[in-house]
Amino acid sequence: MAIQTGDKLPEAKFRVMTAEGPQVKTTDDIFKGKKVALFAVPGAYTGTCHKMHLPSIFLNAYALKDKGVDTIAIVSVNDAFVMNAWKRDTDQRDEAIFLADGNADFTKAIGMELDASGNGLGIRSKRYSMLVEDGVVKKLNLEAMPGKVEVSGGDTLLGQL
């Protein structure tokens with residue numbers, strides 16, 4: 001069953017690239033005691049994710065933080081090396097943490113997996129945004145179609161704060 005507003009995020013591990021190489025970060029490391037704007041995308045560098053979703057996040061990053069968001073996090077079912085390259089190519093002001101969910105463990109644990117095997121992409125994440133406060137989902141915006149950014153962009157989440 002998919003996660004819903006009011007649910008606590010399950011324990012999971014992500015990989016995040018650091019100067020020393022990939023490091024493990026847990027859901028507690030990312031969400032405990034913080035207000036986090038979490039954005040999930042089906043894939044790094046894919047058309048809609050790269051050209052529409054990420055720009056909507058970074059255009060609203062200052063305003064999100066002005067409204068009390070401690071962390072902007074972007075999660076995708078990609079490895080830490082790809083996520084690091086994507087951060088390098090898109091996050092010019094170092095405004096977000098890019099979380100690699102390479103085996104889709106987090107994505108499956110919250111019921112947000114997307115079978116994109118028909119397009120040669122395997123298991124990916126559905127496209128959504130959520131506001132998480134101290135590990136609890138306060139807002140959840142799930143796209144009906146993975147190729148659209150109509151309710152999961154930075155502007156929508158900003159309007160909900």
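This passage walks through some charged groups, two buried residues and two unusual backbone angles in a predicted model.

Let's start with the salt bridges, of which the structure holds five. One of them links the side chains of K87 and D91, with N and O 2.6 Å apart. Charged residues can sit on the inside as well, and here K87 and D91 are both buried. Another bridge pairs D89 with R88, and its closest N and O atoms are 2.9 Å apart. How covered up are these two partners? D89 counts as partly exposed because its relative accessibility is 38%, while R88 reaches 57% and so counts as exposed. A further bridge brings together the side chains of R93 and E95, at 3.1 Å from N to O. Here R93 is partly exposed, with 45% relative accessibility, whereas E95 has a relative accessible area of just 6% and is therefore buried. Salt bridges with shared partners also tie K87, D91 and D94 into one network.

D94 turns up again when we look at the backbone. This residue is not a glycine, yet its phi is positive, near 50°. D94 belongs to the loop that runs between α4 (80-90) and β5 (96-100). Its relative accessible area is 55%, so D94 is exposed. Y45 is another non-glycine residue with a positive phi, this time near 70°. Where does Y45 sit? It is part of the loop between β3 (35-41) and α2 (47-59). With 35% relative accessibility, Y45 falls into the partly exposed class, because that class covers everything between the 20% limit for buried and the 50% limit for exposed.

Charge also shows up on the outside of the model. E11, D28, D29 and D134 together form a negative surface patch. Of these residues, E11 can be placed in the segment before β1 (13-18). Is E11 buried or exposed? Its relative accessibility is 77%, so E11 counts as exposed.

The segment before β1 also contains I3, and this residue tells another story. I3 has a relative accessibility of 7%, which means that it counts as buried. Which residues does I3 touch? Setting aside residues up to four places away in sequence, the list is K8, L9, P10, I110, M112, M130, V137 and L140. The chain also brings I3 and A109 together: they are 106 residues apart in sequence, but their C-alpha atoms are separated by 8.6 Å.

Finally, there is Y128, a residue of strand β8 (residues 128-133). Its relative accessibility is 0%, so Y128 counts as buried. What is Y128 in contact with, once its neighbours within four places in sequence are left out? The partners are L38, F39, A40, H53, V75, F106, I110, M112, L140, N141, L142 and S152. One of these contacts, L142, lies 14 residues away from Y128 along the chain, and the two C-alpha atoms are 4.4 Å apart. I110, M112 and L140 appear among the contacts of Y128, and I110, M112 and L140 are also among the residues touched by I3.

Technical notes. Residues numbered from 1 in each chain as written. Predicted model: local features only at pLDDT ≥ 70, side-chain atom pairs only at ≥ 80, totals over all residues. Heavy atoms only, no water. Patch = residues over 30% accessible without salt bridge, like charges linked within 9 Å, V, L, I, M, F, W, Y side chains within 5 Å. Areas by Shrake-Rupley, 256 points an atom, 1.4 Å probe, with all protein chains shown as cover. Salt bridge = Lys/Arg side-chain N within 4 Å of Asp/Glu carboxyl O. Lys, Arg positive; Asp, Glu negative; His and termini not counted. Charge placed at Lys NZ, Arg CZ, Asp CG, Glu CD. Helix = DSSP H or I, 4+ residues; strand = E, 2+ residues; numbered from the N terminus. Buried < 20%, exposed > 50% of the residue type's maximum accessible area, 1.4 Å probe, protein only. Contact = heavy atoms within 4.5 Å.
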